[in-house]
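User: Could you walk me through reading a ligand site?

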Amino acid sequence: MSSVTVRVPAKVNVQLSVGPLREDGYHDLVNVFHAVSIFDEVVAKESEAITVTVQGEWTDRVPIDDENLAIQAARALAKHAGRTYGAHLIIRKAIPVAGGMAGGSADAAGALVACNELWGLGLPFEDLMEIADDLGSDVPFSMLGGTAVGTGRGEQLSELPTGGRFHWVFAVADGGLSTAAVYAECDRLRDAAEVKVPWPQLSDPLLDALGTGDAHQLGAYLTNDLQPAALALRPQLARTLEAGQRQGALGAIVSGSGPTCAFLAADAAHADRMAAALATADVARSAIAAQGPVPGATVM
Ligand code: C5P
């Protein structure tokens with residue numbers, strides 16, 4: 001095989017409950033991931049060395065050196081296989097960079113699946129999931145897709161049944177936010193308010209809403225403990241959230257560590273109307289309608 005293409009979705013967190021800071025610098029989470037139909041494509045081609053190029057709107061914002069998570073993923077896979085392999089990775093980016101939608105994690109998951117095929121390793125999914133786990137907290141979910149709850153630092157996943165399709169609009173901001181900086185701001189705000197941080201719990205009404213496909217109920221129970229921190233670092237996001245609420249969003253939250261804002265719509269037509277209105281409201285760089293759940297990293 002001389003070339004393999006893998007498609008990987010973005011995610012939104014429908015519940016992100018952040019527990020106390022752990023000694024290893026991470027936080028225990030209850031993190032309900034939901035994969036949505038904004039996709040990056042990772043193409044792996046035969047090559048001597050492991051290299052990457054990025055195509056699409058976000059090209060100038062993605063590192064192409066050792067910091068690139070797809071390169072790290074390909075290297076980790078070669079190491080696991082105990083051989084020296086090469087691959088040229090082409091990342092066709094549609095997922096916002098540093099936007100709280102797991103774009104870097106998607107590319108890492110895509111690289112794992114693509115190189116496993118390209119190199120003919122035939123490693124089972126469980127082995128790829130173990131490598132994914134070491135690459136970052138959100139990489140295992142990018143492999144899995146669908147809807148799932150992550151505990152631990154987010155990597156211990158259980159799939160959640162969903163009873164239908166949910167329609168979303170994502171308001172993409174101009175600059176990104178660093179995940180580590182948003183978690184640090186969350187800790188700072190909590191310390192300043194002297195709050196005793198409760199142990200995170202999965203929300204029963206949210207689980208019901210996912211199971212029955214009830215968008216109105218899901219909208220009412222969307223939560224994100226990182227939202228106050230994202231708003232503190234990027235106050236103008238309050239205007240973006242309000243603009244979606246004015247368009248009748250059933251729920252409006254910052255996606256993960258932000259700065260992308262996620263709005264739940266009643267149906268596909270409502271999502272299209274909301275995306276069109278937000279695109280001209282001067283509150284975001286762009287607005288994208290999408291739906292979920294969708295599968296994780298998939299060979300095309
Ligand atoms: O795992 P990942 O490299 O994606 O995490 C990026 C940063 O986000 C970590 O360095 C940490 O600061 C923060 N984080 C956290 N608790 C988690 C996941 C991430 O504090 N459960």
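Analyst: Happily. The ligand is surrounded by Gly25, Tyr26, His27, Leu29, Gly136, Ser137, Arg153, Thr179, Ala180 and Tyr183, where near means a heavy atom within 4 Å. This is a predicted model, in which local features need pLDDT of at least 70 and side-chain atom pairs pLDDT 80 or more, while totals for chains, interfaces and linings use all residues. Numbering runs from 1 along each chain as its sequence is written, and side-chain values use heavy atoms, without hydrogens and water.

User: Which side chains have an N or O atom 2.6 Å or 2.5 Å from an oxygen atom of the ligand?

Analyst: A polar contact with the ligand is a pair of N or O atoms within 3.5 Å. Here, a side-chain N or O atom of His27 lies 2.6 Å from a ligand oxygen, and one of Ser137 lies 2.5 Å from a ligand oxygen. Gly25 uses a backbone N or O atom, 3.5 Å from an oxygen atom of the ligand.

User: How much of the ligand's accessible area does the protein cover?

Analyst: Accessible area comes from the Shrake-Rupley method with a 1.4 Å probe. The protein covers 75% of the 450 Å² that the ligand has on its own.

User: Which helix gives the largest share of the shell?

Analyst: Helices are DSSP runs of H or I with at least four residues, and strands are E runs of at least two, numbered from the N terminus. Helix 5 gives the largest share, three residues. Strand 2 (27-45) and helix 5 (179-193) each supply at least two shell residues.

Technical notes. A polar contact is a pair of N or O atoms within 3.5 Å; within protein, one must be able to donate a hydrogen and the other to accept it, and residues adjacent in sequence count only if both atoms are side-chain atoms.
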